[in-house]
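The questions below concern a protein model and are intended for a student beginning to read structures. Please look over the sequence and the model before proceeding.

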Amino acid sequence: VRVRIRRKLRRCLRAARKRAEQPVPDPGGDPGDPAPGTPGDPGTPAPLGRFLGVTASDSDGFRFTLSRPAVAAGVVTVQLRNTDSGPHDLAIRPEAGGDKIVHFEPVDPGGVHQQPVTLAKGRWYLFCSLEGHEAAGMHAVVRAE
Ligand SMILES: [Cu+2]
């Protein structure tokens with residue numbers, strides 16, 4: 001009986017390995033993150049959602065585009081990437097209101113800044129604090145769960 005179980009286990013492992021080799025279709029909306037520490041590499045999903053990419057751009061109004069809609073609560077590496085032709089910064093506060101928990105210095109065009117940010121469970125509001133940018137659309141919400 002033990003041999004049969006072992007054989008079955010081996011078959012399971014082989015099947016699991018085969019599954020792991022196949023590309024997993026993205027369940028929804030997450031274009032993938034650059035791996036922490038390697039800005040410029042799109043498409044490698046970070047394990048456990050502890051990386052949040054924020055792209056500041058000016059296409060049809062100022063925009064913050066998130067690499068994923070939700071992250072794991074706890075310490076998350078937040079990366080601001082500025083693809084616009086002017087500087088942008090990043091501030092984060094609870095969506096329901098309250099004080100900013102972090103405020104990145106402005107990032108120059110083409111620049112990247114990342115740092116660890118502790119996000120407790122909940123919804124967090126990200127915005128550019130430079131005058132007029134938030135009103136022009138440079139904001140987003142991420143869930144920490
Ligand atoms: Cu801005």
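Q: In this predicted model, does Glu-95 count as buried, partly exposed or exposed?
A: The relative accessibility of Glu-95 is 34%. Buried means under 20% and exposed means over 50%. Because 34% lies in between, Glu-95 counts as partly exposed.

Q: Which residue forms a salt bridge with Glu-95?
A: The closest N and O atoms of the pair are 2.6 Å apart, and a salt bridge requires them to be within 4 Å. The pair links distant parts of the chain, with Glu-95 in the loop between β5 and β6 and its partner in strand β8, 28 residues apart. The partner is itself partly exposed, with a relative accessible area of 45%. This residue is Arg-123.

Q: Which residue meets Arg-143 in a salt bridge?
A: A search of the whole structure finds two salt bridges. In the one that involves Arg-143, the N to O distance is 3.2 Å. Arg-143 is partly exposed at 33% relative accessible area, whereas its partner is exposed at 52%. The partner is Glu-145.

Q: Which side chain of opposite charge is nearest to Asp-84?
A: Asp-84 lies in the loop between β4 and β5. Asp-84 is buried yet has no salt bridge. The nearest side chain of opposite charge is 11 Å away, whereas a salt bridge needs atoms within 4 Å. That side chain belongs to Arg-63.

Q: What is the length of the polar contact between the side chains of Asp-84 and His-88?
A: Although Asp-84 has no salt bridge, its side chain is joined to that of His-88 by a polar contact. His-88 also serves as a donor of the copper ion through its ND1 atom. The polar contact between Asp-84 and His-88 is 2.8 Å.

Q: What spacing do the donors of the copper ion follow along the chain?
A: The protein donors are His-88 (ND1), Cys-128 (SG) and His-133 (ND1), lying 1.9 to 2.1 Å from the copper ion. Both Cys-128 and His-133 are buried. Along the chain, the donors follow the spacing H-x39-C-x4-H.

Q: Which residues touch the most other members of the largest nonpolar core?
A: In soluble globular proteins, nonpolar side chains tend to be buried together. The largest nonpolar core here has 24 residues, and the elements that give two or more residues to this core include β1 (51-58), β7 (112-119) and β8 (122-127). The residues that touch the most other members are Leu-52, Val-54, Phe-64, Leu-90, Leu-119 and Leu-126.

Notes. Residues are numbered from 1 along each chain as its sequence is written. This is a predicted model: local features need pLDDT of at least 70, side-chain atom pairs count only at pLDDT 80 or more; totals for chains, interfaces and linings use all residues. Side-chain values use heavy atoms; hydrogens and water are left out. Donors are N, O and S atoms within 2.8 Å of the metal (3.2 Å for Na, K and Ca); water is not among the atoms, so sites may look incomplete. Buried means under 20% relative accessible area, exposed over 50%, partly exposed in between (1.4 Å probe, protein chains only). A nonpolar core is a set of buried Ala, Val, Leu, Ile, Met, Phe, Trp, Tyr and Cys residues joined through side-chain atoms within 4.5 Å. Helices (H or I, at least four residues) and strands (E, at least two) are DSSP runs, numbered from the N terminus. Lys and Arg count as positive and Asp and Glu as negative; His and the chain ends are not counted. A polar contact is a pair of N or O atoms within 3.5 Å; within protein, one must be able to donate a hydrogen and the other to accept it, and residues adjacent in sequence count only if both atoms are side-chain atoms.
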